[in-house]
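Trainee: I've got a model open and I'd like to check how its labels are earned. Can we go through it together?

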Amino acid sequence: MGEVRPIVHVGDPVLHRPCEPVTRFGEELAALVEDMFASMYAAEGVGLAANQIGVPLRVFVYDCPDADGVRHKGVVANPVLEPPGLGERRLDTGDEGCLSVPGQYAPLPRPDTATVHGFDAAGEPVTVTGTGLLARCLQHESDHLDGRLYLDRLPAKRRKQVLAAYQAAQSAIADNSSL
Ligand SMILES: [Zn+2]
């Protein structure tokens, strides 16, 4: 059983710079992955990148339904997203959110299928292909490890709105807890 660790929010430098590649696949990584799953489930997320709990390593976990409602669970270290094939490109225009920008959602078009290549926690090669929310998740988590939030892909005006709403919600929480 992993330990639930606090999730860092937008503005924390660890979210805004690229993570380091995983070079050792052993007990330490396995323990980190356990903590990531525990933290993701506690926050009711469908994916989590290591830097979201403050660890700047290129690894993410997911437990997420695809377009057919089938749940997929796993871990990918050193992920490399395959570019979407020309001609088969279709965009999913659904909303996106992030545990590091809690409570906020915004429409963000993404390719509706994604394939990522990487390694599992034991260092064995893995390839994950996802549709629907899983496709969005694989792209979102890979972005995290490059130091990019979904906010960075929004039009500037929308990004400002989402950040303002997030900040208003955070200061409301701070006001309440001081009572
Ligand atoms: Zn996120």
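Trainee: Which residues does proline 21 touch, not counting residues up to four places away in sequence?

Mentor: Keep in mind that this is a predicted model. Proline 21 touches Leu57, Arg58 and Asn78. A contact needs heavy atoms within 4.5 Å, and those three residues are listed on that basis. Proline 21 itself sits in the segment before H1.

Trainee: Why is proline 21 called partly exposed?

Mentor: Buried means under 20% relative accessible area and exposed means over 50%. Proline 21 comes out at 46%, so partly exposed is the label. Also, the C-alpha atoms of proline 21 and aspartate 146 are 11 Å apart, with their positions 125 residues apart along the chain.

Trainee: On to the metal. What makes Cys98, His140 and His144 donors of the zinc ion?

Mentor: Distance. A donor atom has to be within 2.8 Å of the metal. SG of Cys98, NE2 of His140 and NE2 of His144 coordinate the zinc ion at 2.0 to 2.3 Å, so they qualify. Water is not among the atoms, so the site may look incomplete. In sequence, the donor residues follow the spacing C-x41-H-x3-H.

Trainee: Why is the pair of cysteine 98 and histidine 140 said to tie parts together?

Mentor: Cysteine 98 is in the loop between strand S5 (95–97) and strand S6 (105–107), while histidine 140 belongs to helix H2 (residues 132–145), so the pair links parts 42 residues apart in sequence.

Trainee: Are cysteine 98 and histidine 140 buried or exposed, and how do you know?

Mentor: Set the values against the 20% cut-off. Cysteine 98 has a relative accessible area of 8%, so it is buried. Histidine 140 has 6%, so it is buried too.

Trainee: What about arginine 136: why does it get its burial label?

Mentor: Arginine 136 is at 5% relative accessibility, and under 20% means buried, so that's the label. Arginine 136 is in helix H2. Leaving aside neighbours within four places in sequence, its contacts are Asp92, Thr93, Gly94, Asp95, Glu96, Leu108 and Arg110.

Trainee: Where does the "active site" label come from, and which residue carries it?

Mentor: From the UniProt record, an unreviewed entry, which lists Glu141. Such annotations may be inferred rather than shown by experiment. In the model, glutamate 141 is in helix H2, and its relative accessible area is 4%, so it is buried.

Trainee: Which residues is glutamate 141 in contact with, leaving aside neighbours within four places in sequence?

Mentor: Gly47, Leu48, Ala49, Gln52 and Phe60.

Trainee: What makes the pair of alanine 49 and glutamate 141 a polar contact?

Mentor: The cut-off for a pair of N or O atoms is 3.5 Å. The backbone nitrogen of alanine 49 is 3.3 Å from a polar atom of the glutamate 141 side chain, so the pair falls within it.

Trainee: Now the sheet. Why are S1 and S2 called paired?

Mentor: Pairing takes at least two bridges. S1 and strand S2 (residues 59–65) have three and run antiparallel, so they count. For example, glycine 47 stands opposite tyrosine 62 in S2.

Trainee: How do you know which strands stand at the edges of the open sheet?

Mentor: The five strands have the order S1-S2-S3-S8-S9, with antiparallel pairing. S1 (47–49) and S9 (125–131) each have a single partner strand, so one side of each lacks a neighbour in the sheet. Neighbouring strands are turned by 30° against each other on average, direction ignored.

Trainee: What joins S8 to S9, and how many bridges are there?

Mentor: Seven bridges, in an antiparallel run. One of the partnerships is phenylalanine 119 with proline 125 in S9, and threonine 115 has threonine 129 as its partner. S8 and S9 form a hairpin with five residues between them, and glycine 123 in the turn has a positive phi of about 90°.

Trainee: Which strands does H2 lie across?

Mentor: S1, S2, S3, strand S8 (113–119) and S9, at about 165° to S2. Helix H1 (residues 27–42) lies across S1, S2 and strand S3 (71–81), at about 40° to S2.

Notes
Residues numbered from 1 in each chain as written. Predicted model: local features only at pLDDT ≥ 70, side-chain atom pairs only at ≥ 80, totals over all residues. Heavy atoms only, no water. Donors = N, O, S within 2.8 Å, 3.2 Å for Na, K, Ca; no water. Helix = DSSP H or I, 4+ residues; strand = E, 2+ residues; numbered from the N terminus. Buried < 20%, exposed > 50% of the residue type's maximum accessible area, 1.4 Å probe, protein only. Axes fitted to C-alpha atoms, helices over the stretch in contact; angles between N-to-C directions. Polar contact = N/O pair within 3.5 Å; in protein donor to acceptor, adjacent residues only side chain to side chain.
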